[in-house]
Amino acid sequence: ERRGEARRGERWRWSRVEMGSRAIETWGTEEVGALLARLEMSDNVVQEFKANSVQGKDLCELSDEDLMNDLKMTKLQVRKLRRELEAVKQGSAESAHKVERDSTVAQAAATPAGYSPPMPAGYPPATPAGYP
């Protein structure tokens with residue numbers, strides 16, 4: 001059994017990191033199937049991709065119309081697939097978010113203890129009469 005290949009009755013288990021380390025154009029049918037499984041595509045869609053032996057290069061060349069008409073995807077499924085392919089092409093979106101979070105945490109850590117930003121004039125507002 002090759003890595004990422006599904007055993008009988010199981011879905012493919014390739015992670016975005018494993019797939020992202022290779023150009024989409026080099027993916028085989030196993031990686032494409034794993035992508036569909038991770039996106040929770042319907043069994044009908046997965047079967048259409050299998051029946052047509054869609055590989056990474058094919059996936060990059062298919063139009064939205066091809067995906068909907070020939071591979072029986074809905075518009076929403078096509079959008080999800082396109083978004084995920086873009087994330088894989090750009091490197092893991094999760095990694096990008098992690099870098100952004102890490103820089104925000106580093107920035108917060110660099111703020112001196114006890115520091116609070118200056119408040120605008122008139123803040124906090126005066127308490128109306130009759131309120132504690």
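Visitor: Where is the place of serine 53?
Guide: This is a predicted model, so let's go by the helices in it. Serine 53 comes after α3. Its place is the loop between α3 and α4.

Visitor: Which phi does serine 53 have, although it is not a glycine?
Guide: Serine 53 isn't a glycine, yet its phi is positive. With a relative accessible area of 41%, serine 53 is partly exposed. The phi you asked for is about 50°.

Visitor: How confident is the predictor in the chain, on average?
Guide: Have a look at the spread before the average. Confidence is highest in helix α5 (residues 64-69), with a mean of 96, and lowest in helix α1 (residues 16-20), with a mean of 49. At least 70 is the score of 63% of the residues. The average pLDDT of the chain is 76.

Visitor: How many contacts does the stretch 95-100 have beyond near neighbours in sequence?
Guide: The pLDDT is below 50 over residues 95-100. Where pLDDT is low, you shouldn't read the predicted coordinates in detail. Beyond near neighbours in sequence, the number of contacts for residues 95-100 is zero.

Visitor: On helix α3, are the buried residues on the same side or not, and what arc do they cover?
Guide: Helix α3 runs over residues 43-51, and its buried residues are Val45, Val46 and Phe49. They sit on the same side of α3, because around the axis they cover an arc of only 100°.

Visitor: Which residues are exposed on the other side of α3?
Guide: The buried side of α3 has a cover that includes α2, α4 (56-61), α5 and α6. Go round to the other side and you meet exposed residues instead. They are Asn44 and Ala51.

Visitor: What is phenylalanine 49 in contact with, leaving aside its neighbours within four places in sequence?
Guide: Phe49 is one of the buried residues of α3. It also belongs to the largest nonpolar core, where it is among the residues that touch the most other members. Leaving aside neighbours within four places in sequence, its contacts are Val32, Leu36, Val54, Leu59, Leu67, Leu71, Met73 and Leu81.

Visitor: Which element gives the most to the largest nonpolar core?
Guide: That core has 20 residues. Two or more of them come from each of α2, α3 and α6. With four residues, the element that gives the most is α6.

Visitor: How far does helix α6 reach from its first C-alpha to its last?
Guide: Helix α6 covers residues 75-89, which is 15 residues. At 1.5 Å a residue, a span of 21 Å is expected, and the model comes close to that. From first C-alpha to last, α6 reaches 21 Å.

Visitor: Is glutamate 84 buried or exposed?
Guide: Here you need a cut-off: buried means under 20% relative accessible area. Glutamate 84 has 9% relative accessibility, so it counts as buried. It's listed with Gln77, Val78, Leu81, Leu85, Ala87 and Val88 among the residues of α6 that are buried.

Visitor: Which residue forms a salt bridge with glutamate 84?
Guide: Side chains of opposite charge can pair when their charged atoms come close. For glutamate 84 in helix α6, the partner sits in helix α2 (residues 29-38), 46 residues apart. The closest N and O atoms are 2.7 Å apart. The partner counts as partly exposed at 30% relative accessibility, and its name is arginine 38.

Visitor: How many salt bridges does the structure hold?
Guide: You've just met the pair of glutamate 84 and arginine 38. Aspartate 64 also forms a salt bridge, with arginine 82, and there the closest N and O atoms are 2.8 Å apart. That pair links helix α5 to helix α6, 18 residues apart. The number of salt bridges in the structure is two.

Visitor: Is glutamate 40 buried or exposed?
Guide: Glutamate 40 has its place in the loop between α2 and α3. Its phi is positive, about 55°, although it is not a glycine. At 70% relative accessibility, glutamate 40 counts as exposed.

Visitor: How far apart in space are threonine 74 and valine 45, C-alpha to C-alpha?
Guide: Threonine 74 lies in the loop between α5 and α6, while valine 45 is one of the buried residues of α3. In sequence the two are 29 residues apart. In space, C-alpha to C-alpha, they are 9.4 Å apart.

How values were computed:
Residues numbered from 1 in each chain as written. Predicted model: local features only at pLDDT ≥ 70, side-chain atom pairs only at ≥ 80, totals over all residues. Heavy atoms only, no water. Contact = heavy atoms within 4.5 Å. Expected span 1.5 Å × (residues − 1). Buried < 20%, exposed > 50% of the residue type's maximum accessible area, 1.4 Å probe, protein only. Salt bridge = Lys/Arg side-chain N within 4 Å of Asp/Glu carboxyl O. Arc of directions from axis to C-beta. Core = buried A, V, L, I, M, F, W, Y, C linked by side-chain atoms within 4.5 Å.
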